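Here are some short exercises to work through with the model open beside you. Try each task before reading its solution.

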Amino acid sequence: MTDAPIGIFDSGYGGLTVARAVLDQLPHEKIIYLGDTARAPYGPRPIAEVRQYAIECLDSLVEQGVKALVIACNSASAAVLHDARERYDVPVVEVIRPATRRAAAATRNNRVGVISTEATHRSGAYTDSFAAAPQVKISSVPCPRFVEFVEAGITSGPELLTVAHKYLDGLVDEGVDTLILGCTHYPLLTGVISYVVGSTVTLVSSAEETAKDVYRVLADIGQLRDPELGSTQHQWMTTGDPAAFETLARRFLGPEVTAVTREAAL
């Protein structure tokens, strides 16, 4: 089964930052990516609705024979992780715990900030994930407009800077020395985020940490793809418009995004 692909699911485009990190760290692996763009964004939706949509998408990937599942969406990870690990026979990796572990190890003053969507913020998933590190004080701030800027291709400019100050100045005042980017869109805004919070604050990307977990999980079960099997061909799927997906996805990932197909069953 080592030649089977890794299934990566996200509500839309942000999970492509996870796909980028997986491709960088596991260049010999095949990827099937499914973005539920027809029903995005998940952030403002009720948790029960997010859970339903996520399970439908994950079921679709499992039916295609993936060897591991990656829930590359913080909102979906918060809503469906426990259900997914009970439901599927393949390993399930999500984006919350990897980032939590890294932040707990990185903080020097035990003050960690989390920025995320409304759904992830309301779920309390990051706060709960620090239960094993009670000495760490968590400050969580929802930053919903960041997703809008990223998907519009805006990563700088006075309006974005004003919004960033609105979201982040309170965290600076609280003295956080580590900040979790708790939405997979946010790594594309590291420039403005780092500028506002200052260079002494460590930014933790859930995308990078998740890719490390994917490597670890596959290595532990002996499922890393043999490089001698040759080149790979990735598959990109969306529940929305394939042409629109390809255009925006190239902003997140680059030229690897080709031949986008529509997942019509969802």
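**Exercise 1. Find which residue of β3 stands opposite G7, then follow the pairing of β3 on to β4.**

Solution. This is a predicted model, so every value below is computed from its coordinates.
- Step 1: Start at G7, whose opposite residue in β3 is L69.
- Step 2: Widen the view to the strands: β1 (residues 6-10) and β3 run parallel and are joined by four bridges.
- Step 3: Turn to strand β4 (residues 92-94), which is parallel to β3 and joined to it by three bridges. Here I71 stands opposite E94.
- Step 4: Trace the chain between these strands. From β3 it passes through helix α3 (residues 74-87) to reach β4, a β-α-β crossover that is right-handed.

**Exercise 2. Sort the residues of β3 by the way they point, and decide whether they are buried or exposed.**

Solution.
- Step 1: Strand β3 covers residues 68-71, with A68 and V70 pointing one way.
- Step 2: L69 and I71 point the other way.
- Step 3: On either side the verdict is the same, as all of these residues are buried.

**Exercise 3. Work out the strand order of the open four-stranded sheet and name its edges.**

Solution.
- Step 1: Reading across, the order is β6-β5-β7-β8, and the pairing is parallel.
- Step 2: β6 (137-142) and β8 (202-205) are the edge strands; each has a single partner, so one side of each has no neighbour in the sheet.
- Step 3: From one strand to the next, the twist averages 25°.
- Step 4: Look at one pair in detail. β5 (residues 111-116) and β6 are parallel over six bridges, and S116 faces P142 of β6.
- Step 5: Add the helix that lies across this sheet: α4 (residues 96-106) crosses β5, β7 (178-182) and β8, and runs at about 170° to β7.

**Exercise 4. Describe helix α10 and explain why E209 counts as buried.**

Solution.
- Step 1: α10 spans residues 206-220, which is 15 residues, and its first and last C-alpha atoms are 21 Å apart, close to the 21 Å expected at 1.5 Å a residue.
- Step 2: Its buried residues include S206, A207, T210, A211, D213, V214, V217 and L218.
- Step 3: E209 also belongs to α10. Its relative accessibility is 12%, so E209 counts as buried, the cut-off being under 20%.
- Step 4: Check the surroundings of E209. Leaving out residues up to four places away in sequence, E209 touches P98, A99, R102 and V204.
- Step 5: The side chain of E209 also makes a polar contact with that of K212, at 3.3 Å.
- Step 6: Just past the helix comes G222, with a positive phi near 65°.

**Exercise 5. Look at the backbone angles of P41, N110 and A259, and say where each residue sits.**

Solution.
- Step 1: The peptide bond between A40 and P41 is cis, with omega about 0°. P41 sits in the loop between β2 (31-35) and α2 (47-63).
- Step 2: N110 is not a glycine, yet its phi is positive, about 65°. Its place is the loop between α4 and β5, and N110 is partly exposed at a relative accessible area of 28%.
- Step 3: A259, also not a glycine, has a positive phi of about 50°. A259 lies in the loop between α11 (242-252) and β10 (260-262), and its relative accessibility of 61% makes it exposed.

Terms used. Residues are numbered from 1 along each chain as its sequence is written. This is a predicted model: local features need pLDDT of at least 70, side-chain atom pairs count only at pLDDT 80 or more; totals for chains, interfaces and linings use all residues. Side-chain values use heavy atoms; hydrogens and water are left out. Helices (H or I, at least four residues) and strands (E, at least two) are DSSP runs, numbered from the N terminus. The expected span of a helix is 1.5 Å times one less than its number of residues. Buried means under 20% relative accessible area, exposed over 50%, partly exposed in between (1.4 Å probe, protein chains only). A polar contact is a pair of N or O atoms within 3.5 Å; within protein, one must be able to donate a hydrogen and the other to accept it, and residues adjacent in sequence count only if both atoms are side-chain atoms. Contact means heavy atoms within 4.5 Å. Two strands pair if DSSP finds at least two bridges between them. Axes are lines fitted to C-alpha atoms, for helices over the stretch in contact, and angles run from 0 to 180 degrees between N-to-C directions. A crossover is right-handed if, with the strands pointing away from the viewer, the path from the first strand over the helix to the second runs clockwise.
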